[in-house]
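User: Please take a close look at one part of this model for me: any disulfide. Then set that part against the rest of the chain. Keep it brisk.

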Amino acid sequence: TESQNVKAKHICSIPAHNNRDACESNDGEWQEVAPFNEPAPECLGSIQSRDNHNGNVRNGQPHYYLWKIPFYLKGRTVIRIRYNITTGDFQYGSLAHPI
């Protein structure tokens, strides 16, 4: 897996540069950051659904994921949830709820 939970990553000493070539060509130092030494994140496939359909999929049941909060988490925690949509259903400038 490519997650920093299990694999070291790199950063530039100059935050404006996010790759080795740009970093070093601008006198930055490309530095390794150790992995977090946590379990790899779960990565699963899902049931296919139609575009822009954040709702029912198979047998009229909603998409869901049962997430167990890891026992080792302490203090403040952030969760990033993404919902990817396809905007090809609407013309540019159209409104979902026109007045």
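Analyst: A contact here means heavy atoms within 4.5 Å. With that in hand, take contacts in the protein with a separation of 6 or more: residues 24 or more positions apart account for 41% of them. Note that this is a predicted model. The protein has 99 residues. Its secondary structure comes to one helix and two strands. Along the sequence the pattern is β-α-β.

Now the part you asked about. How many disulfides does the structure hold? It holds one. The partners are Cys12 and Cys23, with their sulfur atoms 2.1 Å apart. That distance fits the rule, because a disulfide calls for cysteine sulfur atoms within 2.5 Å. The angle about the S-S bond is 85°, and the link of Cys12 and Cys23 is right-handed. The pair links distant parts of the chain. Cys12 sits in strand S1, residues 9–12. Cys23 sits in helix H1. The two cysteines are 11 residues apart.

Are the two ends of this link buried or exposed? Both Cys12 and Cys23 are buried. Set that against the whole protein, where 7% of the residues count as buried. Another cysteine, Cys43, has a relative accessibility of 74%. Cys43 therefore counts as exposed, because the cut-off is over 50%.

Next, the helix that carries Cys23. Helix H1 covers residues 20–25. Glu24 and Arg20 both lie in helix H1. They are four residues apart, about one turn of the helix. Their side chains meet in a salt bridge at 3.2 Å, N to O. Why can such a pair form? Side chains of opposite charge can pair when their charged atoms come close. Glu24 counts as partly exposed at 42% relative accessibility. Arg20 also counts as partly exposed, at 45%. Elsewhere, salt bridges that share partners join Glu2, Lys7 and Lys9 into one network.

That network touches the strand of Cys12, since S1 runs over residues 9–12 and so starts at Lys9. Glu2 is the shared partner. Glu2 pairs with Lys7, the closest N and O atoms being 2.8 Å apart. Glu2 pairs with Lys9 as well, here with the closest N and O atoms 4.0 Å apart. The second distance sits at the limit, because the rule asks for within 4 Å. Glu2 is exposed, with a relative accessible area of 51%. Lys7 is partly exposed at 34%. Lys9 is partly exposed at 27%. The count for the structure comes to three salt bridges.

Move on past the helix. Asp27 lies in the loop between H1 and strand S2, which spans 30–33. Its phi is near 65°, a positive value in a residue other than glycine. Most residues other than glycine have a negative phi. Asp27 is exposed, with a relative accessible area of 75%. Asn37 shows a positive phi too, near 55°. Asn37 is placed in the segment after S2. With a relative accessible area of 69%, Asn37 is exposed.

Last, the surface. The protein exposes about 9,400 Å². Carbon and sulfur atoms supply 51% of that area. There is a nonpolar surface patch of about 1,000 Å². Among its members are Leu44, Tyr65, Trp67, Phe71 and Ile81. Ile69, Tyr72, Leu73 and Ile79 belong to the patch as well. Ile81 lies in the segment after S2. At 71% relative accessibility, Ile81 counts as exposed.

Back to the disulfide, in short. Cys12 in strand S1 is joined to Cys23 in helix H1, and both are buried. Helix H1 also holds the salt-bridged pair Glu24 and Arg20. Lys9 belongs to the network with Glu2 and Lys7.

Technical notes
Residues are numbered from 1 along each chain as its sequence is written. This is a predicted model: local features need pLDDT of at least 70, side-chain atom pairs count only at pLDDT 80 or more; totals for chains, interfaces and linings use all residues. Side-chain values use heavy atoms; hydrogens and water are left out. Buried means under 20% relative accessible area, exposed over 50%, partly exposed in between (1.4 Å probe, protein chains only). Accessible areas come from the Shrake-Rupley method with a 1.4 Å probe; for residues, only the protein chains shown count as cover. Patches are made of residues with over 30% relative accessible area and no salt bridge: like charges are joined within 9 Å, nonpolar side chains (Val, Leu, Ile, Met, Phe, Trp, Tyr) within 5 Å.
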